Every structure is written in structure tokens, then in C-alpha cells.
Amino acid sequence: MSEIMSAVENVPSLTETNELVAKTDDTGTKYLTFKVGGELFGAEINNISEIIEYSDMTRVPFTPPHIRGVSNLRGNVVPIIDLAIRLGKKPGQPTKRTCIIIVEMEDAGEKMDIGFVVDEVDEVLDIHEDDIEPAPQFGADIDSAYINGMGKLNGKFVILLLLEQVLSISELSQLISDYDLLQS
Amino acid sequence: MSSPEETFLLECGELLTSMEDALLQMESSPADSDSINSIFRAAHTIKGTGGVFGFDDVESFTHVVENVLDKVRDNEIDVDSQLIAILLSCRDHIEILVNKAVAGEDINDDDKDIDTDLRSGLNKYLDVPEAVENNLEVAEEKHTVEFESSGSMVISDNWHISLRFDKDVLQNGMDPLSFMRYLKNLGEIVHVTTLYDDFPKLEDFDPELCYLGFEIDFSSEADKEQIEQVFEFVRDMCVLHILPPRAHIAHYSEVIQSLPEDDMRIGEILIASGVLTKRELDEALNKQEKSFQAENENVTPIGEVLVEEKVVHEEVVNAALNKQNTNKIIKSTEQTVLRVDADKLDSLINLVGELVISGATTNMLVNKSGDEQLIESMSSMSRLVEEIRDNALNLRMVQIGETFNRFKRVVRDVSKELGKDIKLNINGADAELDKTVVEKIGDPLMHLIRNSMDHGIESSADRVASGKDIQGNVWLNAYHDSGSIVIEVADDGRGLNRDKILTKAHEKGLISDGQVLTDHEVYRLIFEAGFSTAETVTNLSGRGVGMDVVRRNIEALRGSVDVDSKENEGTTISIRLPLTLAIIDGFLVRVGDSSYVIPLDMVNECIELEEGEQAEPGMHGYINLRDEVLPYLRLRNYFDEPASTTGLESIVVVKYGTNTAGFVVDELLGELQTVIKPMGKILQNVKGISGATILGSGNVAIILDVPNLIVRATQAETSHVINKASDENVLLH
């Protein structure tokens, strides 16, 4: 009987040690950092499917300025968002370093690709959970709903974007409908 | 859901549809034997298949229906509207039962009540005891005949069924047990011996194979045909011998001989199960030897032997002949119609779309190269690609008639419910359109038809009072018109009441005071959200969501809806839909730096403007086109495109329904085939564009939605004028 009891008692302690091992092994989540409007941002790498060169795209009439247009991605028509405008910053002129980051978003079980324009792609980083501070209520100059957290990087802060919010399909299509109503 | 059950569900759906059609047909011509046969066939097949799957509810209920139908077929019951009504309800009930059975749900109390009601309704027609008596008589007659033919009979009163399933019966999705279970419905299984002689060594045993055979003694009043039908679905997958009660011993010997197991062993089983006595077995085995000798001397064809020995009931022969005939018919329709998975068709059409795009790219490159031979061969290939595209799209085209026919029943039921006499008239049922469109148009049409019947058509008393025919009419018309299909739902009812609509629109704040609207604009208000003038909400319509939903559903299909009405004469609602959703012929134009595609069906003509005739600068205006006013829209300004470098502009004259308008563009680039690419959820709600397409150069071009662009421009101008007017008012004050 006592043997059984001790065995049972041993179980949680075992998992505890496992967790400890996992934690020390874990180097944190991977983030892609990029510059928009001169500021450094980061986004979790999970949703990002590819980064492509910036090229001219087709404008779509009757859409607000943050919809940069649509582009041909291997035979599919993909909407491209101007991230600077979406975050309330001034749009920059495209340069040699301007890129489009393609992410796969999901809405009501339906997957679709969306691209967004950034001024420059920086690097892929591991940011440990302990190095992420909660978003400030104000002062970051962008809607706090779009912020996942503030990553500490060499003593500086990187705004980690919550792409699910920034590129939310329902929000974007709502914005377009509102803009449409306003125009007509 | 496993696939045989899925097929069953699909088949039942088709059978029930044909049953409904036939019932409605019978209502107008009761003596139509084709209709009654097709109803009977449907019920019979559903019963049979339901039984095989072990769906007892389906099977037992359909059985009662089948009995009634059988009597109708034999002219024992007269067809009247009451019978049709009950059979229609039965059809609905079978549908519920089948769906629930396949989904694995139990039937609820409501369904049970319906079940009981319908059964008692049907039983009135059946006169049950008489039927049993008849059967008995027939059975007895048969027995007497057999007695006379030969003295050597087995004494047993039971049928003997000898059954050996093929090994792959399980792999074919059949469960041997379900046949036994189904057999029980015809009578009592007295004794079953399961034979497992075929059973292999354990290491060779394959769990997916069936190694069993059965010897069944069966007591029943059913005849041989009925028993055989139990096994209809495994007929090709088993060895079946059915011996009638008191059969000739010779037949037993034949069976024993034909079975794979050792003769003596079978004999013992038969004795054990009480079919044969020991003496009978000896006689049978004896006979067998004799027949062996006889075979060597003179071979008698098996058919002759069977007839001679009267082992085959006449009914069985007839049934076989009938079956051969129906098989022939089925075969001939099978050759003309092929059932194809819709996914396969979609992927084919997608591929054809890609082919069209890459064809356009190649075409462009070939033309650039200037090689005459290459250009010639390319042009013949382009023609082929075009044909392939048209044919592929045609595969998806179905006639609208099937959808229309569904409403016959709706109109019939709803008019009974409302106590109105309403006739449905269908025109243009052979007009074809894309299957996806057909599927999605059903619900909106349902709303419109119910609305017409509920609100449009007056009560009989009102109709008489206003001097109309007591029977109201609802029309469903379909016809092709400039690249679209138009579906009209019309009625000869009271028409829309302009004043009522206006009052309501004011109440709901849909229009502001002092706004002057034409009749047409007023009528269009019924499509606004939350609009309903019905004073009472019936369970049919009047909730005020209907028309709004109708409009949105149709717009989602790139279509539009319009209404026309005349007081006391009726209302017509016309739905205009594109024929297909996948590929269109387009007309490519350049506006500023971008290319746009205008659906070619809507392009009437193109006019190149000379410098002197240049239209006024600005977003819109009008020109004189052969003495008619043509309003135009300068797309460059409208789309905020940068100014063009070349000075010359052209006007593309588009026609949509009764509207004609001009689009001023910077350059005409010519015709092209375009594959419509969905723009995704984010951009799908932008009015005025209907999709995008990828050009030969790899660039994306936006496809213009002409009707919505015109509506948009009209609205913009109206609000512009109103704003201007109100601004002036402010200034005056």
C-alpha cells in the first residue's frame, strides 16, 4: 500500500522535472522583425508563409488607401495591405528593400492568403517569453488591440504585432464596406 | 457515413423526387399507368434497400405504402385527391425516416404520431383481412397442383432455403445478417444451421471474407418470388436455392448435389433440421445416382427439367422476364447519362481555366515573334482551347426545369393551406444555367413564390369581387437575355400598393420626407432590410426578412433583382443572373495605368472619339449617340487613376437590361477570354467590381460589374444633387 502511495506521489514530481528540462531547452518563440515607417516591428513566424519582392500591383477601385491592391501569387489573386497606413503611419515610397510578406489567415474555417507591404525585412529572432512585456495602454502610437506584447531586444523594445487582429479578415472587409458607403 | 449508405440516401432522394412528380402528374390524370408504376417502383426499391440496410422503420412503413400502391395498380382502389394527399404525406414521411435512419438518429415522438396517422389512413384502403385470405387461397392452390404432379413429396410444411454467400460478400458492403433479419418479415425462421466447413486454418483466416453458409427452414405464406426478392441485392454474390414446402424429393437431391459440402453431411443437416426424414434422404441420394447415369445418356436442358418438374413457379418466370425488360430500359438511360463527382468536374474546369490563361500568354508571345507559321498554328489551337472551354462549361449547365418542378408541390400545398385556388404555370423550363447557380437560386425562388401566393394573390372572395377568375395564377418564366438568364416570378394578384409601401418606408426611416420617388423606385423599397407591409405575420411570409435576403442571395451570385407591378393586375419580380460563374468572354480596356475587363456580353459597341468631339472633361456627362442621349462615366476620374498620356479617349457602350450607358476609357485593348478569380472575402463586397482575372502578362486585371457600376453612379449623382440642393437651402436661410 505504502509503495503505491509513494508511486502516486512521485508522479507529479516527475512531470515537474520534465517541465523544467523543457523550459531550459526552450529558446522562446521565433519572430520575424521588419521595419515600417522607420520603426521596428515583429510578428510570430507561424502564420508567415513567404516573403516576396515588391512589384507593381493592381489597384482595386472603391477601396480605402490601406488596401494597396491585388497581386498575382502563382495564379491566385491575393489582396495586399499597406501595413503603414493600416497602423496609422505615413506610407513610404517603395525602395529596393521594400518587401511583401505573405501570411495565411483563417476566417470561419476558410483559409486565404493576405500580403502586407513592409519597408524592410530585418531578421528572424528567438524572443523568450520572459523578455516580452505586456503592451502599454498608450504611447505605442498604434491601437493596443493590434499589439501582442513588447519584445526586449538589446535593451530596446520591438512592438510584436498580433497579425490575427491587424489583418483580421472580418475587420478588413468591414472597413471596406464602411468606406464604400462613405464614398457613395 | 459509409459510402453504400450515402448512395442509398442519394438514390432515395431521386426516387422520392420521381415519386412526387408522378403523384402530381396523377392528380391531373388519375388513369396514368406510367405514373402509378413509377410510384410503385420507387416505394418498392426504397423498401427493399431499406430492408437490406436493416432500417426497420423505413422498411415497415414503406411496406404498407407499397401494399396500397399495389392495389392502386390493380385498379382495386380508385385514385382521388384524398389518396394523392395521403401518399404525398407518406412520401415526405419516408424522406424523414430515410434521413434519420442513415444519420443513425432515432425517430422522435412527432414522427411516430405521423407514422401512426399515416398507417391508419393507409389501412383504410387496405382492408387487411381480405388480403390475407387471398394469399392463403393462392398458396393452397399451388400446393394442390404440386400434389397432383407427383407422389414423392417431402412432408415438411416449411420452405427450405439453402444459402452460400460468396467470400467477398462483406467486401461488397453487404451484411449477410441483414438478409436473415429481413427474411423474418415474411414469416418465421424455424431452424437455421450455420455451415462453417469452408472456414480455413486460423493463419489463413481473413476477417474481411465471409466463410459461412446457411441452411434455413422457413415457415411463411409468402410465395417464392417474394422470398427470392429478399436476396435480390446479393443475388450475384451468393448461391441460393429455395425449395417450396412439400417439394419434390428430386429437387432436394439436386440442391444437395450442387452444394459444395459433402452430400451426406448436407443430408444429415436436413434431417436434423426436420426437413427431410431419413427415408426421404435415401430416396434423394438414390435419385441423384440415377440422374448421373441419365446425364451420361441423354442431357436434358436444365430449363426443361425445371418446367417439367414444376419447381419454378410461374410468377418467378414472369418476374424474371419483367426484370429483363426493366434492365433493358435502365441500360439505355445509363448510356445517355453518366453520374460524375462534382469535385472532378470542378477540377477539370479549373484546369481548363488555367489552360485558357496560359493559352493567352502563349498567344501574346507568338504574335510578338512574328513567325507566320507559328501564328497560324497558334490560332487554330486557340480555337480548340475555346471549344474545350465552352464544352467544359457546358458540363456544368443544367436545365432550370428540375428546380421549377419542385415548386409544383409547394404551390399545391401552400394554396391548400391558404385556402386559395392557385395554379403554377411554368415557361422556359429548358433554359440552362450553371449548376452552382441553380443550387443557390432555389431558396430565393421559394421566398418569392410564397410571397406571391400569400400577399400577391387575393382570397377567392376578393378575386370574385374584383371581377377576376377565381383561380389565381403564379408564373415561373425563364429565358436568356444578353448573356444572362432571366427568371421571373409573376402573379395576377392585387399588385403592390404604392401608398402602403411609402407609409411603411417613412415609418422605418428608409426615405426622408419630401423625397419624390417614381413608382419603380417605390416598388424597389420592398428589397430593403426590415421591410414588410404584411399586417399579420403568417408562417409563410411577412417577417420582413424575405425580400432583403432574396436580394442579397442574388447579388452574391453576381445577379440583380427587379420588381414591376400594376395595381390590381399583378406583380412581376425578375431575377437576372449570369450564366456561369467561372469563365467569361471579356473586353479589355486601359484606364490610366491599369487594365480592366468588361464582360463582352454587355458591350454593345465601341466609339472612338475624334478630338473635336471629345466629351466634356469631368466624371460624367452625356453625348448624342445617333440622336439618343447616352450618359457616360469617365472611368479614369471615377477610379482615381492618373491622367492618361495619349489624348484620345474611347467610349464603350454597355447595355444591361433596359439600361444603356457609356464608359469613357483611355484605350481599347480588345477581346479576351478570362477566368474569373475570386477576390477573397476581404474584397468580395466591393460594389462595382465582380472579380479579378490574370492577364497573359501575369498582371491582375479587375473585372467590372456593369450593372452595379451603373447603380453606383446613379446613386452617387442622386445624393450629390440632393446634397447640393440642401446646401443651397442652408445658404438661403
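A residue counts as buried here when its relative accessible area is under 20%, as exposed when that area is over 50%, and as partly exposed in between. By that cut-off R636(B) is buried, because its relative accessible area is 15%. Everything below describes a predicted model, so please read the distances and areas as computed values.

## Salt bridges in chain B

R636(B) is a good place to start. Its salt-bridge partner is D666(B), and the closest N and O atoms of the two are 3.2 Å apart. The pair links distant parts of the chain: R636(B) sits in helix α22 (residues 635–638), while D666(B) is in the loop between β18 (659–665) and β19 (667–675), 30 residues apart. D666(B) counts as buried too, because its relative accessibility is 5%.

Over all chains, the structure holds 30 salt bridges. Three of those in chain B are set side by side here.

| Salt bridge | Closest N and O atoms |
|---|---|
| R409(B) with D92(B) | 2.6 Å |
| E458(B) with K468(B) | 2.8 Å |
| D666(B) with R636(B) | 3.2 Å |

What does the bridge between R409(B) and D92(B) tie together? R409(B) belongs to helix α16 and D92(B) to helix α4 (residues 81–103), so the pair connects parts of chain B that are 317 residues apart in sequence. The two partners are covered to differing degrees: R409(B) is buried, with a relative accessible area of 8%, whereas D92(B) is partly exposed at 26%.

The bridge between E458(B) and K468(B) spans a shorter stretch of sequence. E458(B) lies in the loop between α17 (435–456) and α18 (460–465), and K468(B) in the loop between α18 and β8 (472–481), so this pair ties together parts that are 10 residues apart. Both E458(B) and K468(B) are buried.

## Two helices of chain B

Helix α16, home of R409(B), covers residues 401–418 of chain B. Its 18 residues reach 26 Å from the first C-alpha to the last, close to the 26 Å expected at 1.5 Å a residue. Which residues of α16(B) are buried? They are G401(B), T403(B), F404(B), F407(B), R409(B), V410(B), V411(B), R412(B), V414(B) and S415(B). After α16(B) comes G419(B), whose phi is positive, near 70°.

Helix α15 of chain B runs over residues 372–395. Here 24 residues reach 35 Å from end to end, counted between C-alpha atoms, which is close to the 34 Å expected at 1.5 Å a residue. The N-terminal end of α15(B) is capped by D371(B), with a side-chain oxygen 3.1 Å from the backbone nitrogen of Q373(B). Buried positions in α15(B) include M378(B), V385(B), R389(B), A392(B) and L393(B). As a reminder for reading such lists, an α-helix has 3.6 residues a turn, so residues three or four places apart point the same way.

## Strand β21 of chain B and its neighbours

Is strand β21(B) enclosed or open? Five of the five residues in this strand (residues 700–704) are buried, so β21(B) is largely enclosed by the rest of the structure. V700(B), I702(B) and L704(B) point one way, A701(B) and I703(B) the other way, and all are buried.

β21(B) pairs with β20 (residues 689–694) of chain B through five bridges, and these two strands run antiparallel. They form a hairpin with five residues between them, and G698(B) in the turn has a positive phi of about 95°. β21(B) also pairs with β13 (residues 594–599) of chain B, through two bridges and in parallel. I702(B) is the bridge partner of A692(B), and I702(B) is likewise the bridge partner of Y596(B).

## A sheet in chain A

Chain A has an open sheet of six strands in the order β8-β1-β2-β11-β10-β9, with mixed pairing. Its edge strands are β8 (120–127) and β9 (132–133), each of which pairs on one side only. β9(A) is joined by two bridges to β10 (residues 147–153), and the two run antiparallel. Within β10(A), G151(A) is the bridge partner of I132(A).

## A nonpolar patch on chain B

Finally, a look at the surface. Y196(B), F199(B), L202(B), F205(B) and L212(B) make a nonpolar surface patch of about 520 Å². One of them, F205(B), lies in the loop between β2 (187–195) and β3 (213–220) of chain B. F205(B) counts as partly exposed because its relative accessible area is 31%.

Conventions. Residues numbered from 1 in each chain as written. Chains lettered and ligands numbered in written order. Predicted model: local features only at pLDDT ≥ 70, side-chain atom pairs only at ≥ 80, totals over all residues. Heavy atoms only, no water. Helix = DSSP H or I, 4+ residues; strand = E, 2+ residues; numbered from the N terminus. Expected span 1.5 Å × (residues − 1). Buried < 20%, exposed > 50% of the residue type's maximum accessible area, 1.4 Å probe, protein only. Patch = residues over 30% accessible without salt bridge, like charges linked within 9 Å, V, L, I, M, F, W, Y side chains within 5 Å. Areas by Shrake-Rupley, 256 points an atom, 1.4 Å probe, with all protein chains shown as cover. Salt bridge = Lys/Arg side-chain N within 4 Å of Asp/Glu carboxyl O. Polar contact = N/O pair within 3.5 Å; in protein donor to acceptor, adjacent residues only side chain to side chain. Pairing = 2+ DSSP bridges.
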